[in-house]
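Trainee: Please take one part of this model and go through it closely. I would like a single connected account, with the whole chain covered briefly before the detail.

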Amino acid sequence: LMGFFCKLFGAIPVERPQDIAQDGKGSVEICEGGIVKGHESNFTKQALVGDTLKAKGYPDLLISEIRSDTEMIVKAKETENCELNKKVSYKIAPKVDQSHVFASVWDGLSNGKNLGIFPEGGSHDQPDLLPLKVGVAICGL
């Protein structure tokens, strides 16, 4: 029902990486220095540099290098309080190219159309809106 009305009003769909994340094969162990060790994993076929590793109990980790099926290097904003060397399940969220979304927005705005932005909420578990992301600023430029 929601999809019907979105199409009716000319909504521009946005694909989110977390919505298309795939379960990882095996388990991972986050080690010092951003090294990720895979156990029964297949990193070379499951992930690409720029994808996000979503390991249970850890912040999102940006994949910066894939060394083999069982080792990769990641970057994270905060891992200081994370428990290291513990095997956990994981997902791989692909990097999504949103250039078509921005092109549609710019095309609509240049043709005098209005733009309504529905920011991420979180009202089901917190009363405040989450911070706006970079994409909003890109649309406005």
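How much area does the protein chain expose, and what share of it do carbon and sulfur atoms supply? After that, please look closely at the sheet: in what order do its strands stand, and is the pairing parallel or antiparallel?

Mentor: The model is predicted, and the values below are computed from it. The protein chain exposes about 10,200 Å², and carbon and sulfur atoms supply 55% of that area. Of its 141 residues, 27% count as buried. The secondary structure comes to 4 helices and 8 strands. Read from the N terminus, the elements run α-β-β-β-α-β-β-β-β-β-α-α. Among contacts between residues at least 6 apart in sequence, 57% join residues at least 24 apart.

Now the sheet. It is open and is formed by 8 strands in the order 1-8-4-5-6-3-2-7, with antiparallel pairing. The edges are taken by strand 1 (22–23) and strand 7 (87–88); each has a single partner strand, so one side of each is left without a neighbour in the sheet. As background, strands of a sheet pair through backbone hydrogen bonds, in either a parallel or an antiparallel sense.

Within that order, consider the run 4-5-6-3. Strand 4 (residues 52–55) pairs with strand 5 (residues 61–68) over 2 bridges, in the antiparallel sense. In this pairing, Thr-52 stands opposite Leu-62 of strand 5. The two strands form a hairpin with 5 residues between them, and Gly-57 in the turn has a positive phi of about 90°.

Asp-60 also belongs to the loop between strand 4 and strand 5. Its relative accessibility is 44%, so Asp-60 counts as partly exposed; the class covers values between 20% and 50%. Leaving aside neighbours within four places in sequence, Asp-60 is in contact with Thr-52, Leu-53, Lys-54, Lys-75 and Ala-76. With Lys-54 there is a polar contact of 3.0 Å between the side chains. As for Ala-76, the residue is 16 positions from Asp-60 along the chain, and the two C-alpha atoms are separated by 6.7 Å.

Next comes the other partner of strand 5. Strand 5 is joined to strand 6 (residues 71–75) by 5 bridges, and the two run antiparallel. They form a hairpin with 2 residues between them. Two opposed pairs can be named here: Ile-66 stands opposite Met-72, and Glu-65 stands opposite Ile-73. Strand 6 also pairs with strand 3 (residues 35–39), antiparallel and over 3 bridges. There, Lys-37 has Glu-71 of strand 6 as its bridge partner.

Lys-37 leads on to strand 2, through a contact with Ser-27. Ser-27 is in strand 2 (residues 27–30). At 16% relative accessibility, Ser-27 is under the 20% cut-off and therefore counts as buried. Not counting residues up to four places away in sequence, Ser-27 touches Lys-37, Gly-38, His-39, Lys-87, Val-88 and Tyr-90.

Tyr-90 also takes part in an aromatic pair. The count of such pairs comes to 3. In one of them, the rings of Phe-43 and Tyr-90 have centres 6.2 Å apart and planes at 75°, so the pair is edge-to-face. Phe-43 lies in helix 2 (residues 43–46) and Tyr-90 in strand 8 (residues 90–93), so the pair ties together parts that are 47 residues apart in sequence. Both Phe-43 and Tyr-90 are buried.

Conventions
Residues are numbered from 1 along each chain as its sequence is written. This is a predicted model: local features need pLDDT of at least 70, side-chain atom pairs count only at pLDDT 80 or more; totals for chains, interfaces and linings use all residues. Side-chain values use heavy atoms; hydrogens and water are left out. Buried means under 20% relative accessible area, exposed over 50%, partly exposed in between (1.4 Å probe, protein chains only). Contact means heavy atoms within 4.5 Å. Two strands pair if DSSP finds at least two bridges between them. Accessible areas come from the Shrake-Rupley method with a 1.4 Å probe; for residues, only the protein chains shown count as cover. A polar contact is a pair of N or O atoms within 3.5 Å; within protein, one must be able to donate a hydrogen and the other to accept it, and residues adjacent in sequence count only if both atoms are side-chain atoms. Rings of Phe, Tyr and Trp (its six-membered ring) pair if their centres lie within 6.5 Å; planes under 30 degrees apart count as stacked, over 60 as edge-to-face and the rest as tilted.
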